[in-house]
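Here are my notes on this one, in the order I'd go through them with the viewer open. Have a look and see whether you read it the way I do.

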Amino acid sequence: MTWPNQEKRLTKFWVRTTDMEYDLITLSSREVQINMTSSRPLHNAYEVRVVVNEINTTLDALMNETRYFHYGLPTMNIPGLFPFRNVSVTVFIVSHFGYSKPITKTVETLGEINVNAPSFEQTIDLNCTAVQVSWQNYAFENWRSRHLNYILYWRQLDSIPAVISTDSIWVTSNTSLTDFESRNMPGGLVDYRTTDLLTTSYNVTDLKMNTGYHFVLQVYNEFGLTLNCSNIFGVTQENIPYGPPINVSGNAINSTSITLVMKQPEEHLRNGVILGYQVTYWTNEDAHVSINITRSLDANETNVILWGLRKFFDHNITVRAFTKIGLGPASNVTVIKTLEDVPSAAPLNFTITTLSHDSFSLSWKQIPYLQQHSIMRNFTVTCGGMLANGTSHLIHDVSPAEESRQEYEFSISQLFPNTAYDCMLDGCNTLGCGPKTNTSNITFEYYPSGTVQSISQTSLEMKESLHINFTDLLVMDKKGNITKFNISLNKIENLWDTVNDTTKYFIIDGRTFELSMHGLDNFTEYEVSVTAYTLIGPGPTKNSVFRTATNVPSGSPYITYLNNISSSAINVKFDALDKSWSEGPITGYVIYYQLTEDLLHCDGADCLSMNGYLCQ
């Protein structure tokens with residue numbers, strides 16, 4: 001150490017320092033006092049000079065500044081010192097002759113509350129539940145006490161705003177470590193950690209995911225906390241949600257769509273910003289289908305409509321929320337049934353079996369379950385046929401459905417014979433009927449129900465013959481294809497013939513409507529009967545009576561007696577002509593005579609005599 005003006009010290013005179021003593025007393029954290037004592041007066045001394053050096057306790061190094069104080073005797077105060085420092089005080093007396101030998105003593109100033117806390121550097125989100133907080137080293141010149149530590153405390157924020165206010169700090173100069181230990185801080189619960197001054201960072205763990213935290217750093221010693229503090233804010237990383245969406249519900253809009261409502265998971269289970277939801281739905285017949293929907297960030301409730309679903313089916317639905325990290329757990333299964341709809345398919349294996357000329361047996365299988373879309377109520381059958389007269393015939397009937405029944409048989413009657421019917425079948429529920437299936441068949445033929453419409457004789461001049469024609473049956477009376485006509489010819493007994501002829505029978509094709517019958521008697525009534533036949537059998541008979549044409553007699557009367565009445569008259573007697581020769585009603589006789597000795601010969605109408613007279 002170099003003393004001021006030491007080179008001016010006079011060697012011929014020394015101030016006696018053995019008679020000088022002083023006490024060095026600490027008055028406060030920033031002031032010490034020197035009390036000078038001496039056994040005798042200090043002659044020739046006009047001042048006492050003091051050299052003060054402050055030594056850092058921890059680093060045990062001299063401060064850069066050396067201060068000089070000039071005081072009079074015997075007491076002097078040395079103010080403006082730094083708290084919590086070793087103060088080295090060197091005292092020497094100055095006289096006209098020079099300086100005395102210095103006397104050095106050391107004393108420590110008292111500590112006090114630190115003023116400032118070190119500044120934060122940054123926060124680093126280590127993972128979902130940890131944040132590293134770092135701060136600047138606390139310079140030793142800022143120390144105010146021997147026992148000095150950092151206290152880092154933090155509080156969870158209610159939200160993560162873009163800018164977090166630092167106006168509200170929840171400790172005061174009166175806050176003590178006891179307050180931290182009880183965690184009963186103004187404004188709510190806080191957590192804290194204490195570290196030594198060699199630590200400049202700390203990993204805060206066991207935090208909540210995706211949560212904002214307000215970190216505060218202060219320095220504390222035995223006198224209390226620093227008057228000022230440093231503030232910084234950090235946010236933990238997001239994670240997948242730990243909870244499912246809540247209040248998942250919905251209802252059917254129609255037969256193929258469902259509206260679904262969901263809310264975010266419980267706040268403490270979100271672990272981040274819920275960006276959207278994954279909705280998964282399936283049925284017992286369909287594979288799982290998943291769709292992602294985006295959540296409106298300003299809405300807690302989200303709605304979605306699921307389209308293209310299976311009709312009238314229970315749909316199992318789960319919902320998972322997701323953050324940018326991934327998906328959370330699924331909600332409980334929600335079951336929603338779509339509404340009913342008309343069937344989308346027709347009954348299967350529709351067949352028709354003809355039972356008779358007026359009835360069918362219909363059979364089919366139930367509509368496939370996945371195409372029913374409701375509880376089946378009944379099946380409707382409509383059969384339509386075009387009748388022979390060109391009119392249509394429709395018949396409608398209903399067969400009830402049974403839930404557990406898969407195969408059905410149903411009879412439909414009151415049909416027309418030999419008629420092709422196209423039958424349509426559909427399944428129905430309370431909303432309506434589905435697609436139709438159709439098939440065709442023909443009823444069996446039946447006995448004709450009517451006769452030929454008329455029978456007529458075409459020629460009245462035919463000898464020994466009848467030629468008849470007749471009109472076909474009415475089409476509605478046929479009941480099938482007319483395969484033949486049976487015609488019977490029965491001679492009615494006439495007045496001139498006692499012979500009982502046998503009835504004659506004729507068969508003609510069903511497409512022929514005329515017949516010539518020969519070898520008959522002339523001028524004889526015959527009953528003609530016409531009967532139409534189908535494959536099943538005959539129908540009713542149509543009867544008509546006709547007479548054959550008249551012919552000239554086939555024989556002559558037999559003259560039984562000639563008698564002269566006078567010279568100019570003869571009485572001729574003859575028998576009536578035999579009926580078998582009459583060939584018709586006898587309207588008169590012609591008597592031919594001739595004056596000759598020969599017999600008169602006549603050959604039919606050609607008599608040899610030219611003088612004949614008609615005798616009636």
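**Notes on the chain**

1. Overall picture. Buried residues make up 41% of the 616 residues in the protein chain. Bear in mind throughout that this is a predicted model. The secondary structure comes to three helices and 45 strands. For contacts in the chain with a separation of 6 or more, 65% are between residues 24 or more positions apart. The accessible surface is about 33600 Å², and carbon and sulfur atoms account for 50% of that.

2. The largest nonpolar core. This one has 21 residues, and the members that touch the most other members are F360, L362, W364 and I412. Which strands each supply at least two residues of this core? They are β25 (348–356), β26 (359–365), β27 (378–386), β29 (407–412) and β30 (420–429). As background, nonpolar side chains in soluble globular proteins tend to be buried together.

3. W364 in detail. If you want one residue to click on in that core, try W364, one of the four that touch the most other members. Leaving out residues up to four places away in sequence, W364 touches P347, L348, N349 and F350, then F379 and S399, then Q406, E407, Y408 and F410, and finally L425. 

4. Salt bridges. The count for the model comes to ten. Here are three pairs to look at. D472 and K478 have their closest N and O atoms 2.7 Å apart. For R511 and D509 the corresponding distance is 3.3 Å, and for E402 and R405 it is 3.5 Å.

5. How covered are those charged residues? R511 counts as exposed because its relative accessibility is 70%, over the 50% cut-off. Its partner D509, at 35%, is partly exposed. In the other pair, E402 has a relative accessible area of 41% and is partly exposed, and R405 is also partly exposed, at 29%.

6. H467. Is this histidine buried or exposed? H467 counts as buried, because its relative accessibility of 18% is under the 20% cut-off. H467 sits in strand β34, residues 465–470. The H467 side chain makes a polar contact of 3.3 Å with the side chain of E514. Neighbours within four places in sequence aside, the contacts of H467 are S456, Q457, T458, S459 and M462, along with E514, L515 and S516. So E514 turns up both as the polar partner and in the contact list.

7. K491. Here is a lysine that is buried: the relative accessible area of K491 is 13%, so it falls under the 20% cut-off. K491 belongs to strand β35, residues 484–491. What does the K491 side chain contact? The side chain of D521, through a polar contact of 2.7 Å.

8. F322. This phenylalanine lies in strand β22, residues 314–322, and counts as buried at 17% relative accessibility. F322 and P244 are 78 residues apart in sequence, while their C-alpha atoms are 9.4 Å apart in space. Not counting residues up to four places away, F322 touches P241, the run V273, I274, L275, G276, Y277 and Q278, then N292, I293 and L327.

9. N571. This asparagine is in strand β41, residues 569–574. N571 counts as partly exposed because its 26% relative accessibility lies between the 20% and 50% cut-offs. Y561 is ten residues away from N571 in sequence, with 7.7 Å from C-alpha to C-alpha. Beyond four places in sequence, N571 touches Y561, L562, N563 and I565.

10. A nonpolar patch on the surface. Y446, Y447, L535 and I536 form this patch, and together they have about 390 Å² of accessible area. Y446 is in the loop between β32 (437–442) and β33 (455–457). With a relative accessible area of 34%, Y446 is partly exposed.

Definitions and conventions:
Residues are numbered from 1 along each chain as its sequence is written. This is a predicted model: local features need pLDDT of at least 70, side-chain atom pairs count only at pLDDT 80 or more; totals for chains, interfaces and linings use all residues. Side-chain values use heavy atoms; hydrogens and water are left out. A nonpolar core is a set of buried Ala, Val, Leu, Ile, Met, Phe, Trp, Tyr and Cys residues joined through side-chain atoms within 4.5 Å. Buried means under 20% relative accessible area, exposed over 50%, partly exposed in between (1.4 Å probe, protein chains only). Helices (H or I, at least four residues) and strands (E, at least two) are DSSP runs, numbered from the N terminus. Contact means heavy atoms within 4.5 Å. A salt bridge is a side-chain nitrogen of Lys or Arg within 4 Å of a carboxyl oxygen of Asp or Glu. Accessible areas come from the Shrake-Rupley method with a 1.4 Å probe; for residues, only the protein chains shown count as cover. A polar contact is a pair of N or O atoms within 3.5 Å; within protein, one must be able to donate a hydrogen and the other to accept it, and residues adjacent in sequence count only if both atoms are side-chain atoms. Patches are made of residues with over 30% relative accessible area and no salt bridge: like charges are joined within 9 Å, nonpolar side chains (Val, Leu, Ile, Met, Phe, Trp, Tyr) within 5 Å.
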